[in-house]
Amino acid sequence: MSHFKHTPTGRALATDLVHGETVDASGYASLGTPEYRGSSLFFPDTASQRAPVDALGLDYSYGLHGNPTRYTLCQRLAHIEGADYAMVCGSGLAAITLVAYGCLKQGDHWLIPDNVYNPVHDIALQMKERMGVDYTVYNMMDVADLESKIRPNTRLLWTESPGSLTYEVPDLRALVAVAKKHGVLTGIDNTWSAGIGLKPFELGLDYSIQALTKYQAGHADVLMGAVLCKSRELFEQVHHINRVWGFSVSPSDCSLVLRSLLTLPARYAHQSRQALNIAKALAGFDAIERVLHPALPSCPGHAFYQRDFTACASVFTVVLKPHYTDAQACAIVDGLNLFRIAYSWGGPESLALVVNLPRARRERLDRTLYPDEPSRQCGPLLRFAIGQEDEQDLLADLQQAIDKALNA
């Protein structure tokens with residue numbers, strides 16, 4: 001219990017409760033970043049209130065624009081990925097949307113890969129219908145296909161490495177080189193690597209986005225995204241859109257992500273190691289045709305993974321043999337005891353899903369896996385996200401579910 005000397009102020013209690021002093025915080029030191037809250041931020045005088053504000057600096061003019069908790073998170077994220085500028089937003093998808101709207105205007109054109117996170121297609125369709133921004137889908141594994149689709153009005157090349165659900169790893173260096181030759185900006189969804197396994201700015205990319213919902217939050221209880229950049233001019237384009245639209249994130253959520261960053265390297269390494277061990281074991285199961293994990297030679301683009309990545313995530317896909325059905329794939333997932341059926345990944349719990357690819361992507365996967373057998377089609381796909389449970393327990397659960405479903 002602390003002692004506080006009471007000194008009468010001569011004012012009413014209601015006034016004192018609003019204008020009372022705070023205790024002295026000097027001498028209080030801890031690892032955690034304080035959670036700063038506030039909408040009205042006080043200026044010492046009128047001149048300060050009227051002074052120009054650097055929107056990309058520490059803007060404490062209004063609570064919507066920033067607070068020390070949020071700026072500390074941005075600083076840490078920039079350090080992880082080797083960026084000079086960073087901002088946080090409501091989700092990874094919001095981060096992609098901000099980059100698209102920041103870079104593109106009516107009459108422009110952009111390129112998105114055929115194995116991109118599917119909601120990006122929805123962004124592209126909306127921008128085409130509402131703004132007159134055209135887009136083209138390209139084969140991320142074919143540099144010549146990309147170059148053939150660049151137009152005079154192409155302004156942005158979007159990439160994802162590895163690709164969603166099927167985990168192909170493209171030749172990012174070659175894709176970026178083609179874009180630069182034509183004066184096209186480049187961006188990447190770098191969520192799979194958490195900024196740890198891949199450094200996009202070292203490869204020449206202009207923008208990187210993260211879904212902080214995954215590994216950075218780490219506990220499946222926060223939704224947040226980030227946009228990172230090396231160029232002040234390019235970052236300003238996206239930051240301006242975010243400011244005009246009035247988007248913000250909760251200091252409480254920022255505080256949770258900051259806390260989780262303290263264990264990010266350890267969690268990422270542990271879950272990665274477990275996932276790779278499980279992926280290698282699954283490759284030996286009779287029912288499995290192929291394991292699509294970038295760190296394994298069986299995954300398309302494995303050589304580019306070896307060249308550009310230093311670590312891998314804990315999410316991958318397996319391809320069942322062609323004679324198995326979608327119903328049997330669902331039975332496997334339904335028969336798991338330790339895996340939950342859910343979207344997302346990067347949290348402490350292991351997840352499983354049956355992958356439903358659009359027909360065009362399915363056909364391209366068939367051609368990739370069976371280049372010498374044009375009529376052959378791969379079997380159902382299952383995506384696994386490995387969490388913090390013991391890997392032997394997870395493997396035993398996978399074995400029993402597969403045996404039960406496929407031997408029924």
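A nonpolar core is taken here as a set of buried Ala, Val, Leu, Ile, Met, Phe, Trp, Tyr and Cys residues joined through side-chain atoms within 4.5 Å. In this predicted model, the largest such core holds 83 residues, and V88, L282, F316 and F384 are the members that touch the most others. F384 offers a good place to start looking. Leaving aside residues up to four places away in sequence, F384 touches L282, S314, V315, F316, V318, L336, F339, L351, A352 and L398. Two of the other highly connected core members, L282 and F316, thus appear among the contacts of F384. Another core lies apart from the largest one; this core has 30 residues, including V99, I123, V133 and F235.

L282 and L398 also lead to a helix pair, α10 and α14, since both residues take part in the contact between these helices. Helix α10 covers residues 264–282 and helix α14 residues 391–406; their axes come within 10 Å and cross at roughly 35 degrees. The crossing of α10 past α14 is right-handed. On the α10 side the contact is made by Q274, N277, I278, A281 and L282, and on the α14 side by E391, L394, L395, L398 and I402. By class, seven of these residues are nonpolar, two are polar and one is charged.

Helix α14 has a further partner in helix α12 (residues 326–334), with the two axes 8 Å apart and at an angle of about 145 degrees. Here too the crossing is right-handed. Q328, A331 and I332 of α12 meet A401, I402, A405 and L406 of α14, a set with six nonpolar residues, one polar residue and no charged ones. I402 is worth a second look in the structure above: this residue of α14 contributes to the contact with α10 and also to the contact with α12.

Elsewhere in the chain, helix α4 spans residues 92–103, and its end C-alpha atoms are 17 Å apart, which agrees with the 16 Å expected for 12 residues at 1.5 Å a residue. Most of α4 is covered, with 10 of its 12 residues buried. The buried residues are G92, A95, I96, T97, L98, V99, A100, Y101, G102 and C103; of these, V99 is also one of the members of the 30-residue core.

A last stop is H239, which lies in helix α8 (residues 232–245). H239 counts as buried because its relative accessibility is 14%, below the 20% cut-off. Not counting residues up to four places away in sequence, H239 touches A55, L56 and M87.

Technical notes:
Residues numbered from 1 in each chain as written. Predicted model: local features only at pLDDT ≥ 70, side-chain atom pairs only at ≥ 80, totals over all residues. Heavy atoms only, no water. Axes fitted to C-alpha atoms, helices over the stretch in contact; angles between N-to-C directions. Helix = DSSP H or I, 4+ residues; strand = E, 2+ residues; numbered from the N terminus. Left-handed = near helix turned anticlockwise from the far one by under 90°. Contact = heavy atoms within 4.5 Å. Nonpolar A, V, L, I, M, F, W, Y, C, P; charged D, E, K, R; others polar. Buried < 20%, exposed > 50% of the residue type's maximum accessible area, 1.4 Å probe, protein only. Expected span 1.5 Å × (residues − 1).
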